[in-house]
Amino acid sequence: METRTSILVVDDDDIALDIIENFLTREGFLVYTAINGVEAVKLLEENEIQIVVTDWEMPMMNGLELCREIRGRFTEHYIYSILLTSRGRNDEIVEGMASGADDFMVKPFNPPELLARINAGIRLIGLETRDLVIFSLARLAESRDTETGQHLERVRQYSRRLAREMSTLPEFTHVIDGEFVRLIYQTSPLHDIGKVGIPDGVLLKPGKLTSDEFEIMKKHTILGAETLDAALKQFPKAKFLQMARDIAIAHHEKWDGSGYPYGLSGLEIPLPARIVAVADVYDALTTRRIYKDAFSIDYAEQVILEGSGKHFDPEVVHAFEACKEDFVRFVEQYSDPVETSEELSAIS
């Protein structure tokens with residue numbers, strides 16, 4: 001059964017709202033309606049909406065404010081926004097697009113034009129299949145390690161939560177936006193993609209690695225980066241590939257310069273990698289692996305906090321302190337199916 005594209009139409013003019021709703025319904029779309037931005041936000045929270053068609057002038061929360069809210073808050077998937085307005089000056093178009101709108105349509109409502117713009121949005125949203133490919137590639141690497149279970153899902157949940165928390169700090173306001181949060185959620189699962197090139201005897205060894213074996217294991221960062229660099233040569237402007245590459249190469253670097261593969265320190269380490277470092281270590285500590293049992297939540301928190309300024313960026317640790325209860329929830333929500341109830345209780 002084919003899934004219909006879901007569209008939210010927002011307009012305080014009842015007549016305009018009805019006309020657009022009826023037209024889009026006849027075209028086969030699943031249509032939701034709201035009379036202002038506040039109602040729209042509630043519907044966005046409750047439903048998987050893909051496209052928003054919103055009027056500019058509305059009470060309580062206007063179209064510009066709604067577009068900003070969409071870009072800042074709704075990061076699980078991309079929401080394509082079309083701004084409808086009677087305004088048509090160049091400066092007004094720029095203002096509308098700067099708010100986060102993807103497209104701009106001047107009233108009066110023209111059905112064929114609106115349909116064409118919606119179809120353009122559907123084509124762009126279709127690019128989200130990229131995210132499925134990313135996760136599938138990450139699963140390929142993870143499939144060689146039968147002990148990591150829901151590791152990828154937990155790491156991207158941790159990473160997104162940390163990024164959201166850091167976005168509230170003044171020093172990161174202009175660095176971590178909705179797009180950054182969405183990209184780190186999408187690309188963090190690729191952090192260990194280079195492990196596909198590590199021999200089974202090292203990757204799956206059920207005990208401590210020798211110094212030579214550890215040197216081989218460390219190469220997974222470079223192998224992962226080289227794989228993504230090849231894609232970047234073809235698509236040099238692809239932000240998701242750049243972030244994925246930064247994470248793959250640098251998520252084992254340490255704030256004090258004692259990490260690998262290059263011994264980077266402090267702000268030399270890309271921000272996404274500094275975030276994923278905390279997420280990855282927390283997950284490694286709180287879950288069972290082929291070479292160890294799970295440690296307790298309290299112990300994991302202690303390791304992260306004590307690693308501030310040494311292993312980890314102090315700002316990321318500060319964000320962790322603010323949202324560590326969510327981390328505990330993610331451990332429980334995305335627990336590995338192979339674990340027994342007794343094992344789950346041991347880490348809570």
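**Figure 1. Y260 and its ring partner F214.** In this predicted model, Y260 counts as buried, at 13% relative accessibility. The cut-off for buried is under 20% relative accessible area, so Y260 falls inside it. F214 is partly exposed, with a relative accessible area of 37%. The two residues form an aromatic pair. Their ring centres are 5.8 Å apart, and the planes meet at 85 degrees, which makes the pair edge-to-face. F214 belongs to helix 10 (residues 211-234). Y260 sits in the loop between helix 11 (239-250) and helix 12 (271-286). The pair therefore ties together parts that are 46 residues apart in sequence.

**Figure 2. The peptide bond after Y260.** Y260 is joined to P261 by a cis peptide bond. Its omega is about 10 degrees. Most peptide bonds are trans. P261 is found in the loop between helix 11 and helix 12.

**Figure 3. Helices 11 and 12, on either side of that loop.** Helix 11 has 12 residues. From its first C-alpha to its last it reaches 16 Å, close to the 16 Å expected at 1.5 Å a residue. Of its 12 residues, 9 are buried, so helix 11 is largely enclosed by the rest of the structure. Among these buried residues are F240, L241, M243 and D246. I247, A248, I249 and A250 are also buried. Helix 12 is mostly covered, with 16 of its 16 residues buried. The end C-alpha atoms of helix 12 are 23 Å apart. That agrees with the 22 Å that its 16 residues should span at 1.5 Å a residue.

**Figure 4. Other ring contacts.** The structure holds 10 aromatic pairs. Ring pairs link Y158, Y282, F320, F327, F330 and Y334 into a cluster. R160 offers another kind of ring contact: its charged end sits over the ring of Y185, 3.9 Å from the ring centre.

**Figure 5. Helix 5, with a buried side and an exposed one.** Helix 5 (residues 111-125) has 15 residues. Its first and last C-alpha atoms are 21 Å apart, close to the 21 Å expected at 1.5 Å a residue. L114, I118, G121 and I125 are buried in this helix. They cover an arc of only 55 degrees around the axis, which puts them on the same side of helix 5. An α-helix has 3.6 residues a turn, so residues three or four places apart point the same way. P112 and R123 are exposed on the other side of helix 5.

**Figure 6. What surrounds helix 5, and what caps it.** Several elements cover the buried residues of helix 5. They include strand 1 (6-10), strand 3 (51-55), strand 4 (80-85) and strand 5 (103-106). Helix 1 (14-26) is also among them. At the N-terminal end of helix 5, N110 acts as the cap. A side-chain oxygen of N110 lies 3.0 Å from the backbone nitrogen of E113.

**Figure 7. D313, a buried loop residue.** D313 lies in the loop between helix 13 (297-306) and helix 14 (314-333). At 4% relative accessibility, D313 counts as buried. Leaving aside residues up to four places away in sequence, D313 touches W255 and R274.

**Figure 8. M60, an exposed loop residue.** M60 is found in the loop between strand 3 and helix 3 (63-73). Its phi is positive, about 70 degrees, although M60 is not a glycine. Most residues other than glycine have a negative phi. M60 is exposed, with a relative accessible area of 65%.

**Figure 9. The whole chain, for orientation.** The secondary structure of the chain comes to 15 helices and 5 strands. Of the 348 residues in the chain, 50% are buried. Contacts between residues at least 6 apart in sequence were also sorted by separation: 64% of them join residues at least 24 apart.

Definitions and conventions: Residues are numbered from 1 along each chain as its sequence is written. This is a predicted model: local features need pLDDT of at least 70, side-chain atom pairs count only at pLDDT 80 or more; totals for chains, interfaces and linings use all residues. Side-chain values use heavy atoms; hydrogens and water are left out. Helices (H or I, at least four residues) and strands (E, at least two) are DSSP runs, numbered from the N terminus. The expected span of a helix is 1.5 Å times one less than its number of residues. Buried means under 20% relative accessible area, exposed over 50%, partly exposed in between (1.4 Å probe, protein chains only). The arc is that of the directions from the helix axis to the C-beta atoms. Contact means heavy atoms within 4.5 Å. A polar contact is a pair of N or O atoms within 3.5 Å; within protein, one must be able to donate a hydrogen and the other to accept it, and residues adjacent in sequence count only if both atoms are side-chain atoms. Rings of Phe, Tyr and Trp (its six-membered ring) pair if their centres lie within 6.5 Å; planes under 30 degrees apart count as stacked, over 60 as edge-to-face and the rest as tilted. A charge sits over a ring if NZ of Lys or CZ of Arg is within 6 Å of the ring centre and within 35 degrees of the ring normal.
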